[in-house]
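Open the model in your viewer and keep the selection panel at hand. The stops below go from the whole chain down to single residues.

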Amino acid sequence: MRNRTWKLVIYIFLLGFILNLVGIVSHVVVSAFAKRWFGKPLPPAFTTDWFSYAWTNFELGQVLFITLFIALAVVFIALAIGFPAAYILARRNFRAKPVLLLMYFLPLLIPQMTYGIPLATTLYKFGVGGTVLGVILAVLVPMVPLAVFILLPFFEQISLNLEWSASMLGASRLQIFYRVLLPLMVPGILTTGLLVLVNTISNFELAFLLSGGGSQTLVVALYYNVFAGGVRPVYSIDAMAVIYMVMVMSVLLVALRFVRPTQMVFRLDQTRR
Amino acid sequence: MALARTDSRSEVDLLAIVCLLPSLLYVIVMFVYPFLYGVYASLRPLKGDAWSIKNYVAFFTDPYQYTTIKTTFALALPNSVVVVLLALFFAYGMRRGIWMERTITTILVLPISLGVIFLSEGILGFYGTNGWLNQMLLGADIIKEPLELTHNFIGVILSLFMQNFPFCFLMLLGYISGIDPSLEHSARMLGAGPWTIFRRVMLPLIAPGLLIAFALVFVMSFAVFPSAVMVGQPAGSTRTISIAAYQQAFELYDMSYASAVAVIMGLCQLGALIVIILVRRRMTIATTMGVGKR
């Protein structure tokens, strides 16, 4: 009996939270398709005009291209740098390892707004602030450690015996990498790539601090338009938000085929490694 | 996992260095160096070229600036306490799995992935004076005047909650469901009731993770920026310390002062982390002592 009340409370709260969330998200979607909407539960007429309005007025084609370019560049570099580092951290033990892990951990622990301002100051000083390169360099700061920490457990699952057997059978280091490690790491690389992709597309703080006129990502452009409010019809801003939502959710749907939702957040036992 | 650890020889050879160097250099050049440069820049104000703590003095003597610390605490502390307690309650209740768990957790990932900008835009529409919530409440005659839920303190709390609760909940759910269920079974077999099991068996096991979760949520909400601007009142009741830092950097172009504000923000977060670590250490001693006494 007591157990059942407990479960009921959980369901009611979670249902409330989810309804709330659905309300928030669907309000944006409904508004994006509304012709005019004021003070009524639903708009009297629907239209798709705001999408073409947003597409031309916010130069969304260019913004989307830049967002995808930045996101793919970040995924590629984060994997290229993070992969070998995760391999060594999973396979070797050395005295400086806890210090190294802490150093990789800090950019994930400290909020982006806190280190974003000194980082932006530095990058502007070297003339890359406000450019696409600047955004890529800044967003990589938390993404490289993220890639390392997602790849680590995947490496730990691959038995060292496989590498030993391969080398006993005469495989060189390079062959072990191509013929043994890389094929076994495909799920790890996919998971890492997708999670870094989602996090880069939705990264606001760093992209915001570093982006200039021609280097705004979709979410930064969205922020400026919400903030500017009143200048543009709210329906067109919501149309833009819907395009952003579709982009994030499509990557997320693919990502969730590989990972459990609880793996999408920080792992609390990470510091114990 | 144990297999991979068999190679416990301490070896740092060329391969290890070559593999670690790129990422290590990246973190040092792009994270450690800017941090140190920020501290340095904050001590070298624009006009004078000598070392000076002018920026810090200016911050702490100007009420418009130093009250941002109080404002930020007032937002971050209640939010983190409520988020962590609720997340603990629900994650604990769901530790042995419930019906539709996968669907529920999948839906909860959404606000984390969509990000605060999208959520804030939705909150403006849903909770606004003409939003669905107010229309519903007015229509049902529960309230006479529409509730003011956005462009103020409540709006920021709402936005922080929508963002932080799923994050904290999923974190704790992963942590709590990883605890060996046989411990709980043994306690129940020895006659412990649900409350005793929670209080004497599970809570001491959860406490370390719970404190880290609290630290993360607190530090995250202490740096709140976009939602304080979008659904808050950035010129007044929700002028947080990150807004102060941003204004100095990108509206007044005083990078030195901005760095000083960023350093103060970092120190506040560090202070909170140290307090939490101290509490955690104390708690661990307390639990081991508790075990010893029995």
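The tour covers chain A as a whole, then its domains, then the nonpolar core. Keep in mind throughout that this is a predicted model.

**Whole chain.** Select chain A and show it as a cartoon. You should see 12 helices and 0 strands, so colouring by secondary structure gives α elements from the N terminus on. The C-alpha atoms of chain A fill a box of roughly 75 × 65 × 35 Å along the principal axes. Of its 273 residues, 45% count as buried. Among contacts in chain A with a separation of 6 or more, 76% join residues 24 or more positions apart.

**Domains.** Next, colour residues 1–47 of chain A as domain 1 and residues 48–272 as domain 2. The centres of these two domains, taken over C-alpha atoms, are 30 Å apart. Where they meet, 7 residues of domain 1 of chain A contact 9 residues of domain 2 of chain A. On the domain 1 side, the touching residues comprise 5 nonpolar, 2 polar and no charged.

**Core.** Now show both chains A and B, and select Val74(A), Leu140(A), Cys168(B), Leu172(B) and Val261(B). These have the most contacts inside the largest nonpolar core, which has 170 residues. Domain 1 and domain 2 of chain A each supply at least three residues to this core.

**One core residue.** Which residues does Cys168(B) touch, leaving aside those up to four places away in sequence? Centre on Cys168(B) and pick out Val83(B), Val84(B), Ala87(B), Ala213(B) and Val217(B).

How values were computed. Residues numbered from 1 in each chain as written. Chains lettered and ligands numbered in written order. Predicted model: local features only at pLDDT ≥ 70, side-chain atom pairs only at ≥ 80, totals over all residues. Domains from an automatic or database assignment. Contact = placed C-beta atoms within 7 Å. Nonpolar A, V, L, I, M, F, W, Y, C, P; charged D, E, K, R; others polar. Helix = DSSP H or I, 4+ residues; strand = E, 2+ residues; numbered from the N terminus. Buried ≥ 20, exposed ≤ 12 C-beta atoms within 10 Å, placed from the backbone. Core = buried A, V, L, I, M, F, W, Y, C linked by C-beta atoms within 7 Å.
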